[in-house]
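Please examine the sequence and the three-dimensional structure shown below. The report that comes after them is meant to be read with both in view.

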Amino acid sequence: MAGTGLTNTAVIAGVGSCVPGPAIANDMLSERLDTTDEWIRSRTGIAARHWIEPGQATSDLAVTAGARAVESAGGEQPQAVVLATSTPDHPCPATAPAVAWRLGLRGVAAFDVGAVCSGFLYGLAAGAGLIATGFADRVLVIGADTFSTILDPADRGTGVIFGDGAGAVVLRRGDGTEPGALLALDLGSDGAGADLITVPAGGSRQRSGKTAAPPADSYFKMAGREVFRESVLRMAESCQTVLRRSGWTVADVDRLVPHQANLRIMHGVADRLGLARDRAVVDLDRVGNTSAASIPLALARASAEGTVQAGDRLLLTAFGGGLTWGSATLTWPDVKAV
Ligand code: UT7
């Protein structure tokens, strides 16, 4: 899509990230959740995660990551803020206007995107659309989530996986041939699987009923095994679609930047694509699954550490609740996280 219009193409101009508090190592969870460091590492690849302190909220992380991305892009102010999150500060209103206001961006367009772990790619598509229509020259796209606030303290299946964080990029209007230009996007959904990843209570379905929801229904629930299977298939398929749209083959991909859900899922996607596993950028070892934040967090770390370098051809892909999925291709520009 974006790559078809040469002068209204969205180009990545900056990247920033934020993780809260001290690292929580696997061993710190083993007693409460009847688990072990060995189980978590071998089944997920996760060694640690970060959780917010009491009183903190998603917007706090989003503001820091957003400010860093704007600085990394040279400081020019965006005309829109797109915040991908499924853990907003409040059920109503959206969190993006408060984030924009705290960043000093008064009067700009600001809205949330809810596509759970695919949220950042949906946010990128929304941002690219604002640029393609000529509405904005610069858009700040943030993925931020604080799943620690919705985790069931008794569920070891989810309690060891999720971490809190935020990552952001600035998109600017540019030319489709420039490094950083979004070449192609693919997005998809399958609402038949809506119950596989859900917070059952707190929405209109539950609140319009006559009975109070059981407390456990306010927590995040995931059918891990089914989600695992679906995520590998959907991401691999979406990657093939976006490669076709880009005119790329798998051999053109320098780095796969997948949603950081589980190392075994990332390897499964690489295997199905016929891509060497070591092409996948891995960030979840230190932060776990940070939902909408995971891809920009991985990009920020990889560009800072040199795992991703200017000129690398990147394939981004994600899968999450909804069910939703998405992929994108681009050549990484000469930008680094602040
Ligand atoms: O980000 C959005 C998308 N999310 C994902 O992509 C997550 C997808 N799912 C997964 O990553 C994996 O399914 C999990 C990491 C959640 C679970 O791994 P699994 O290999 O699928 O385990 P399982 O749920 O099939 O459970 C296998 C066993 C069970 O014991 P039994 O029934 O075989 O005796 C679980 O009770 O592992 C047990 N188990 C644990 N044991 C120790 C589940 N969680 C834990 C744990 N520690 N934390």
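This report describes the surroundings of the ligand and then some special points of the backbone.

## Basis of the report

The structure is a predicted model. Every value given here is therefore to be read as computed from that predicted model.

## Position of the ligand

Where does the ligand lie with respect to domain 1 and domain 2? Residues of domain 1 (9-174) and residues of domain 2 (182-331) both take part in the shell around the ligand, so the ligand lies between the two domains. The space that the ligand takes is the second largest pocket.

## The shell around the ligand

The ligand is surrounded by 21 residues, of which T35, R43, R225, N262 and N289 come nearest. When these surroundings are sorted by class, ten residues of the shell are nonpolar, seven are polar and four are charged.

Which helix gives the most to the shell? It is α8, which contributes four residues. At least two residues of the shell come from each of α2 (37-44), α6 (156-159), α8 (224-246) and α9 (263-273).

## Polar side chains at the ligand

Several side chains place a polar atom at an oxygen atom of the ligand. For R43, the distance from a polar side-chain atom to a ligand oxygen atom is 2.7 Å. For R156, a polar side-chain atom and an oxygen atom of the ligand are 3.0 Å apart. In the case of N289, an N or O atom of the side chain lies 2.6 Å from an oxygen atom of the ligand. Taken alone, the ligand would expose 940 Å², and the protein buries 74% of that area.

## Special points of the backbone

Most peptide bonds are trans, and most residues other than glycine have a negative phi. The following places depart from these patterns.

The peptide bond between C92 and P93 is cis, with an omega of about 5°. P93 belongs to the loop that runs between β4 (80-84) and α4 (96-102). Another cis peptide bond leads from G322 to L323, where omega is near -10°. L323 is placed in the loop between β12 (313-320) and β13 (324-331).

V116 is not a glycine, yet its phi is positive, at about 50°. This residue, V116, is located in the loop between β5 (109-113) and α5 (119-132).

How values were computed. Residues numbered from 1 in each chain as written. Predicted model: local features only at pLDDT ≥ 70, side-chain atom pairs only at ≥ 80, totals over all residues. Heavy atoms only, no water. Near = heavy atom within 4 Å. Polar contact = N/O pair within 3.5 Å; in protein donor to acceptor, adjacent residues only side chain to side chain. Areas by Shrake-Rupley, 256 points an atom, 1.4 Å probe, with all protein chains shown as cover. 1 Å grid on protein atoms, 1.4 Å probe; cavity = no way out; pocket = protein on both sides within 12 Å on 5 of 7 lines; lining within 4 Å. Sits in = over half its atoms within 2 Å of the grid points. Nonpolar A, V, L, I, M, F, W, Y, C, P; charged D, E, K, R; others polar. Domains from an automatic or database assignment.
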